[in-house]
Amino acid sequence: MPHENIRHMKCTVAVSGGSDSLYALLYLREEGWNVHALHALFLPSATAGGAARDLADLCAGLGIPFETLDLSKAFFRSVMEPFAMEHARARTPNPCALCNRAMKFGLLLEHALQDGGMYATGHFASMQEHPVYGMTLRAAAYAPKDQSYFLSLVPIEKLRRCIFPLAGISKPDARAWLARRGYSVPLPSESQEICFIPGDNHCAWLEQWQRKRMINLPGPGPVLLARTGQVIARHSGLWRYTEGQRRGLGIACHCPQAQRKCPRRRIQNRSGRRPLFCCRNKYHGPPQKMAMQRLREGALPPCARSGRR
């Protein structure tokens with residue numbers, strides 16, 4: 001159903017206190033939607049800050065229903081714990097993608113849609129009609145802040161219940177829109193860091209988990225060339241590195257491949273030796289189906305048709 005046909009109906013907007021979600025809430029209100037504000041507490045209340053109070057005061061002044069939902073225990077189980085466990089397996093998870101699937105477009109969305117209506121967030125993403133696949137996830141018009149990648153794990157059925165008011169506007173323009181109307185942003189500063197890791201030091205955070213015996217991080221070992229098995233350096237723990245990492249490894253690679261660009265490096269465990277390999281192979285997790293219809297074989301890129309990994 002086109003969004004313009006359900007204007008003046010209920011739309012629950014997830015608000016964090018930042019300018020993006022505040023714009024989404026107030027823009028939809030100005031467009032005539034019956035907006036409700038929903039604020040999630042993902043971290044313990046002692047570290048959540050005063051955003052909830054400021055949002056409550058703002059919404060009360062505008063006559064917008066406001067609700068706070070404590071999801072801190074679920075956030076620990078669904079985002080923080082998997083983040084630590086995956087590092088212990090020498091993998092590099094994306095906590096924002098996990099959070100969007102399990103929390104913002106999981107428990108929070110389900111709570112918001114209990115009484116029907118639509119759901120909106122301050123993500124820079126877009127839902128557009130495709131002639132074959134229906135409503136599909138697309139990139140936002142403002143490329144520097146596009147967040148569609150971080151929504152790639154969210155089932156398409158849930159995304160089709162969503163509105164993204166920032167789909168066609170830039171961040172500076174959204175902030176200017178708020179400023180012209182005299183709205184103050186509870187959380188004016190923008191953070192690019194992982195919200196639950198102090199100072200963006202994930203190594204220190206993981207070491208703290210290990211000290212509490214919550215995880216067992218792999219120790220140091222050799223760095224090998226995958227083709228020959230030659231030891232070219234030593235690493236200080238696989239969990240400190242990520243797939244595709246080329247810098248910060250402490251490796252002076254003089255292999256012939258380096259003349260054509262250094263080969264893709266992959267982290268991989270081997271029983272007893274814990275090596276880090278330099279190789280070209282890639283590993284992909286299970287795919288996320290974003291289109292309901294089967295893709296035609298001829299429409300796939302050659303590497304996908306051949307099954308090459």
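A residue counts as buried here when its relative accessible area is under 20%.

**View 1. Here is the whole chain, as a predicted model.** By that yardstick, buried residues make up 42% of the 309 residues in the protein chain. Look along the chain and you'll find nine helices and eleven strands. Now take the contacts between residues at least 6 apart in sequence: 64% of them join residues at least 24 apart.

**View 2. This close-up shows an open sheet of five strands.** Reading across, the order is β3-β2-β1-β4-β7, and the pairing is parallel. Which strands sit at the edges? They are β3 and β7 (162-163), since each of these pairs on one side only. In general, the strands of a sheet pair through backbone hydrogen bonds, which can be either parallel or antiparallel.

**View 3. Zoom in on β2 and β3, which pair in the parallel sense.** Five bridges link the two strands. One residue to pick out is His39, whose bridge partner in β3 is Thr68. Lying across β2 and β3 is helix α3, made of residues 51-62. Helix α3 runs at about 160° to β3.

**View 4. Helix α5 packs on the sheet.** How many strands does it touch? Go ahead and tick them off: β1 (10-14), β2, β3, β4 (118-120) and β7. The direction of α5 makes about 135° with that of β4.

**View 5. Next up is helix α4, residues 72-88.** This helix has 17 residues and reaches 22 Å from its first C-alpha to its last, close to the 24 Å expected at 1.5 Å a residue. Where does α4 bend? Check Glu81: the bend there is about 30°, and a proline, Pro82, follows within four residues. After the helix comes Ala90, with a positive phi near 65°.

**View 6. Now look at the buried side of the story for α4.** Its buried residues are Ser72, Ala74, Phe75, Val79, Met80, Phe83, Ala84 and His87. What do they pack against? Their neighbours are two strands, β2 (34-41) and β3 (66-70), plus two helices, α5 (95-112) and α8 (202-211).

**View 7. Last stop: the cysteines, in a structure with zero disulfides.** Cys99 is in no disulfide, and the nearest cysteine sulfur, that of Cys195, is 6.4 Å away. A disulfide needs the two sulfur atoms within 2.5 Å, so that pair doesn't qualify. Is Cys99 buried or exposed? With a relative accessible area of 8%, Cys99 is buried. Cys203 counts as buried too, because its relative accessibility is 18%.

Terms used: Residues are numbered from 1 along each chain as its sequence is written. This is a predicted model: local features need pLDDT of at least 70, side-chain atom pairs count only at pLDDT 80 or more; totals for chains, interfaces and linings use all residues. Side-chain values use heavy atoms; hydrogens and water are left out. The expected span of a helix is 1.5 Å times one less than its number of residues. The bend at a residue is the angle between axes fitted to the seven residues ending there and the seven starting there. Buried means under 20% relative accessible area, exposed over 50%, partly exposed in between (1.4 Å probe, protein chains only). Contact means heavy atoms within 4.5 Å. Two strands pair if DSSP finds at least two bridges between them. Axes are lines fitted to C-alpha atoms, for helices over the stretch in contact, and angles run from 0 to 180 degrees between N-to-C directions.
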